Structures are given as C-alpha cells and as structure tokens.
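Notebook open, model loaded. I wanted to look up some charged pairs and a few strands, and jot down what turned up.

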Amino acid sequence: MTDVLISAGELADLATREPCVIIDTRNPEAYGAGHIPNAVNVHEIFTYLATSTPEGMSELKTKFADAFGKAGLSGKETAVIYEQSMNSGFGQSCRGYFLLTMLGYPKVKVLHGGFDAWAAKGMPVTTEVPAPKPASFSVVPEAGDILIDAKTMLAAVGKPGIALLDVRDVDEWIGDSSSPYGKDFCPRKGRIPGAVWLEWYRMMKPTAEGPRFKSKDEILAECATVGITQNTPVYLYCFKGARASNTFLALKNAGVKDVRMYFGSWNEWSRDPALPIEEGLPTEVRLTEKAA
C-alpha cells in the first residue's frame with residue numbers, strides 16, 4: 001500500500017498539483033489562532049462518541065458523510081488530516097483517517113508531525129476561514145467492515161487466532177483508571193478478557209522534531225512481542241477510537257492485512273454490566289493461541 005503519512009513539504013507540493021481538502025481536527029480555539037491555509041475545521045472527528053447499536057453505527061456514518069461533504073470532499077480530492085502533533089491529540093488526526101476509510105473514501109493522507117511540523121518548516125499559517133464548496137460525499141457500504149460492534153468483539157473473546165489489541169495508556173490497562181478523562185469517568189475499570197496490550201505510544205518514537213511513527217519493520221517488531229503478525233486478524237480498542245486509530249494507521253502502513261476497530265471501545269464496553277471484564281493487574285500472558 002502507499003504510505004498514508006505525508007510530510008509538511010510533501011503536502012505543500014501536493015496542494016499545488018492536485019485538488020486537496022485539508023482538515024484540521026483541533027479545537028476551534030487552536031484553529032482560530034492559526035492554521036494551514038484553506039484548512040477546514042472539523043473538531044467533531046475527535047469529540048464524537050459512538051455507540052455500536054445499529055442506530056448508533058448508522059448515525060456515525062451519516063454524521064461524518066455529511067461533515068466531510070460539507071468540507072468539500074467528493075471523492076476526487078485527496079483528504080489531508082492533521083492535529084497539533086502526533087501525540088498531543090490522542091491520535092485525533094488518525095481518527096479522521098479511520099472514519100474516512102470506514103466510509104470508503106479513496107484518497108486519505110495524514111500530515112506526519114501535524115501542525116507543529118508544518119509551522120517548524122516555516123510554512124504559511126493563516127487565520128482566514130475558508131468557505132468550502134459543499135460536495136456530494138458517497139459512502140461505500142462494504143468499507144464499513146473495519147468498524148466492529150460490541151457483539152462482534154464479545155464473540156471474539158477467547159477465540160484463538162484473533163488478537164484483541166488494547167492500546168490504552170498503562171494506567172487504564174492495569175485497571176487503575178477508567179479513562180483519559182479521569183479515573184472514575186466510567187463505571188468499571190479493567191480490560192476486555194483475553195486482550196493483549198501495546199500502548200499506542202509504542203507505534204511512534206521521539207525525534208528532534210517531536211514524535212514520529214516507527215518504520216514498518218519496527219512496528220512489526222512491536223507486534224511480534226504480543227504474537228501479532230501481518231496475517232493475524234486484529235480487533236483494536238482504546239477508550240473512544242482515537243488512540244486505536246493511531247495504531248490502526250501504523251498497522252495498516254506496516255502491512256497487517258486484517259485490522260478492524262471496536263469504535264465504541266472502553267467508553268461503551270465498561271458501561272454495560274452484561275459485558276465481561278478482567279480487573280486488577282494483568283498477570284497472565286497469552287501468546288500461544290495468538291500466533292496461529
């Protein structure tokens with residue numbers, strides 16, 4: 001596959017050569033203080049919480065097909081999504097990449113290093129707000145297979161060969177906190193039973209310019225530590241699908257063939273007492289069945 005990540009220099013070049021719609025996922029204040037010229041602000045890419053009922057899934061698709069259409073995406077343009085930096089917005093630009101991919105949009109890029117990388121290169125920044133020409137956004141229904149619901153996730157618990165991959169921060173994984181929004185934001189703390197864990201930060205490494213994604217081979221090496229290969233079906237989750245989107249992009253870029261996301265994630269799972277959880281400190285390592 002072609003690389004989803006695009007550098008600031010490559011974006012400046014691309015914008016002169018072909019139609020692009022640049023989408024800023026930051027909050028309106030950050031956007032208002034200065035953004036990439038012609039960028040459209042769609043902060044809901046980050047804030048929207050999805051439920052995995054049929055109605056919730058349908059609403060998610062309708063809402064974002066509408067938002068992306070209003071931003072000017074018709075299918076002909078390359079969508080380029082950015083956040084402040086790769087680790088300041090919990091993977092929110094990657095959440096945009098996941099949403100567009102789930103809707104079947106053909107051309108999506110993520111600005112590697114975000115707005116910080118653009119500004120660091122001395123590229124132009126503006127406070128002018130563009131008026132995008134609304135476009136008709138087409139949804140490709142079968143692309144939605146990468147979005148899975150709580151029922152699918154539950155059916156995969158204990159199923160050999162499928163890796164349930166938790167990418168939340170360590171305090172959430174060990175059951176010390178229920179969310180990034182506070183320890184007791186959700187009613188239950190813990191993990192989906194049988195999940196393996198790679199903290200989302202491990203897909204990236206520090207550089208002089210800030211965090212950047214690791215190479216394909218480095219990402220596959222991280223995956224190997226929990227028994228995941230390019231052929232392992234991976235079902236991702238985090239708290240609300242942002243950090244897991246960062247990992248989704250990393251795994252897809254590294255050639256992992258079947259990656260799906262439980263977008264409702266811990267925010268939804270922990271609120272349904274009928275769904276099983278593992279609590280306390282994880283002690284058991286399950287690698288054998290994952291290597292199948």
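Entry 1. I began with Glu-222, which is buried at 14% relative accessibility; the cut-off for buried is under 20%. Note to self: this is a predicted model, so everything below is computed from it.

Entry 2. Who does Glu-222 form a salt bridge with? I found Arg-202, with the closest N and O atoms 2.7 Å apart. Glu-222 sits in helix α9 (residues 216-224), while Arg-202 is in the loop between β8 (196-197) and β9 (204-205), so the pair ties together parts that are 20 residues apart in sequence. I checked Arg-202 for exposure too: its relative accessible area is 29%, which puts it in the partly exposed class.

Entry 3. Next I went to helix α1 (residues 8-17) for a pair within one helix. Asp-13 and Arg-17 meet there through their side chains in a salt bridge, 3.0 Å from N to O. Why do I call them about one helical turn apart? Because they are 4 residues apart in that helix. Asp-13 is partly exposed at 38% relative accessibility, and Arg-17 is exposed at 55%.

Entry 4. I then looked at Asp-258 and Arg-260, another salt bridge, with 2.8 Å between the closest N and O atoms. Asp-258 comes out partly exposed at 26% relative accessibility, and Arg-260 is partly exposed with a relative accessible area of 26%. I also noted a network: Asp-169, Glu-172 and Arg-243 are joined by salt bridges that share partners. How many salt bridges did the count give? I got 14.

Entry 5. Arg-260 took me to the strands, since I wanted to see what it faces. It stands in β12, opposite Tyr-235. Strand β11 (residues 234-237) pairs with β12 in the parallel sense, over 3 bridges. Between these strands I traced helix α10 (residues 243-253), and β11, α10 and β12 make a right-handed β-α-β unit.

Entry 6. Which other strand is joined to β12? I found β6 (residues 147-148), running parallel to β12 (residues 259-262) and joined to it by 2 bridges. Here Leu-147 stands opposite Met-261 of β12. A reminder for reading strands on screen: in a regular strand, side chains alternate between the two faces of the sheet.

Entry 7. For the page margin, I kept two items: buried Glu-222 at 14%, and β12 with its parallel partners β6 and β11.

Terms used. Residues numbered from 1 in each chain as written. Predicted model: local features only at pLDDT ≥ 70, side-chain atom pairs only at ≥ 80, totals over all residues. Heavy atoms only, no water. Pairing = 2+ DSSP bridges. Right-handed = clockwise from strand over helix to strand, strands pointing away. Salt bridge = Lys/Arg side-chain N within 4 Å of Asp/Glu carboxyl O. Buried < 20%, exposed > 50% of the residue type's maximum accessible area, 1.4 Å probe, protein only.
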